[in-house]
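Got the viewer open? Let's take a walk from the outside in, one selection at a time.

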Amino acid sequence: TRLPPGFRLVASRTQVVPGVALPVQHLIFSDGFASISVFIEPVGGAPHPVGMSRQGGINIVIRQQDDNLVTVLGEVPAATVRQIAHSVARR
């Protein structure tokens with residue numbers, strides 16, 4: 001609902017991920033230089049880890065929204081990943 005300036009949706013697909021019971025929605029946003037992936041998957045019965053982390057130059061935010069787990073990652077500032085993660089809304 002609230003993308004950082006310059007970012008737009010460039011790809012969207014549903015994919016099957018090994019170990020995940022239901023298909024996962026994968027959205028890719030870009031500003032022409034950097035890209036950010038957003039994965040939306042149904043939450044199973046077990047609790048999932050949530051929060052923010054960093055692996056090398058990639059910032060990652062995982063949060064639960066209603067009955068979905070939202071994972072946002074990209075080689076962008078942590079604030080950008082956090083903003084997108086907290087702006088995901090059900091259509």
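Before you colour anything by burial: a residue counts as buried here when its relative accessible area is under 20%. By that cut-off, 34% of the 91 residues of the protein are buried. Keep in mind that you're looking at a predicted model.

Start with the whole chain as a cartoon. You should find one helix and six strands, and if you trace from the N terminus the order reads β-β-β-β-β-β-α. Now switch to C-alpha atoms and line the view up with the principal axes: they fill a box of roughly 35 × 25 × 25 Å. The radius of gyration is 13 Å, which agrees with the value near 12 Å for a compact globule of 91 residues.

Next, turn on the surface. About 5700 Å² is accessible, and carbon and sulfur atoms own 57% of that. Select the charged side chains while you're there: 8 are positive and 5 negative, with the centres of the two sets 4 Å apart.

Hide the surface and head inside. Which residues have the most contacts inside the largest nonpolar core? Pick I36, V38, V72 and V76, out of a core of 15 residues. Then highlight β2 (24–30), β3 (35–42), β6 (68–74) and α1 (78–85), since each of these supplies at least two residues of this core. In soluble globular proteins, nonpolar side chains tend to be buried together.

Last stop: centre on V76. Leaving out residues up to four places away in sequence, V76 touches F7, A34, I36, G57, N59 and V81. Zooming back out, 36% of the protein's contacts with a separation of 6 or more are between residues 24 or more positions apart.

How values were computed: Residues are numbered from 1 along each chain as its sequence is written. This is a predicted model: local features need pLDDT of at least 70, side-chain atom pairs count only at pLDDT 80 or more; totals for chains, interfaces and linings use all residues. Side-chain values use heavy atoms; hydrogens and water are left out. Helices (H or I, at least four residues) and strands (E, at least two) are DSSP runs, numbered from the N terminus. The radius of gyration is taken over C-alpha atoms; the globule rule is 2.2 Å times the number of residues to the power 0.38. Buried means under 20% relative accessible area, exposed over 50%, partly exposed in between (1.4 Å probe, protein chains only). Contact means heavy atoms within 4.5 Å. Accessible areas come from the Shrake-Rupley method with a 1.4 Å probe; for residues, only the protein chains shown count as cover. Lys and Arg count as positive and Asp and Glu as negative; His and the chain ends are not counted. The place of a charge is taken as NZ of Lys, CZ of Arg, CG of Asp or CD of Glu. A nonpolar core is a set of buried Ala, Val, Leu, Ile, Met, Phe, Trp, Tyr and Cys residues joined through side-chain atoms within 4.5 Å.
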